[in-house]
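User: Hey, can you walk me through this one? I'm new to reading structures.
Analyst: Sure, let's have a look together.

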Amino acid sequence: MTIYNITEPKKFIELLSSCSGRIDLIADNGLLAEIKPDGLPVAALPRMLLASYIEKITLTFREKEDAQKVMSYIMGMKMKKAG
C-alpha cells in the first residue's frame, strides 16, 4: 500500500505502533525494512517524527485488520480535509 500526503506523521506513526501484525516499509530501491513489531529503523524514526509532512510511504501488512485500520485512518484524513 502506497500512501501519499501524510500531514500528521506523529499520529500516523502512533497508528502503525497500534497495529498487531508485522508491517514492512518498502524503500524506493525495493528493499524491505521491518518496522513492526520491532519498531522503525533507528535512522528513519527521528526524520519521520520531526517531519511535518510525509510525501510518500509504501508499506506492506501481514494482517488484513492492520491494513483496514490504516485505510480507515487515511480515508478519515481525506474526509476531514474535504469537509
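**The core and the sheet**

Analyst: The largest nonpolar core has 18 residues, and Ile 3, Phe 12, Leu 16, Ile 57, Leu 59 and Val 70 have the most contacts inside it. A nonpolar core here is a set of buried Ala, Val, Leu, Ile, Met, Phe, Trp, Tyr and Cys residues joined through side-chain atoms within 4.5 Å. Buried means under 20% relative accessible area, exposed means over 50%, and partly exposed is in between (1.4 Å probe, protein chains only).

User: Which helix gives the most to this core?
Analyst: Helix 3 does, with five residues. Helices (H or I, at least four residues) and strands (E, at least two) are DSSP runs, numbered from the N terminus.

User: Is this a predicted model, and what should I know about the numbers?
Analyst: This is a predicted model, where local features need pLDDT of at least 70, side-chain atom pairs count only at pLDDT 80 or more, and totals for chains, interfaces and linings use all residues. Residues are numbered from 1 along each chain as its sequence is written, and side-chain values use heavy atoms, with hydrogens and water left out.

User: OK, what does Leu 59 touch?
Analyst: Leaving out residues up to four places away in sequence, Leu 59 touches Met 1, Ile 3, Phe 12, Leu 16, Ile 23, Asp 24, Leu 25 and Ile 35. Contact means heavy atoms within 4.5 Å.

User: New topic: what order do the strands have in the sheet?
Analyst: The open sheet has four strands in the order 1-4-2-3, with antiparallel pairing. Two strands pair if DSSP finds at least two bridges between them. Strand 1 and strand 3 are the edge strands, each pairing on one side only.

User: How many bridges join strand 1 and strand 4?
Analyst: Four, in the antiparallel sense. Across that pair, Ile 6 stands opposite Ile 54 in strand 4.

User: And strand 2 with strand 3?
Analyst: Strand 2 (residues 23-26) and strand 3 are antiparallel too, over four bridges. Leu 25 stands opposite Ala 33 in strand 3. Their hairpin has five residues between the strands, and Gly 30 takes a positive phi near 95 degrees there.

User: Why does Ala 33 count as partly exposed?
Analyst: Because its relative accessibility is 26%.

User: Anything odd about Asn 5?
Analyst: Asn 5 lies in strand 1, and has a positive phi of about 60 degrees although it is not a glycine. Asn 5 counts as partly exposed, because its relative accessibility is 36%.
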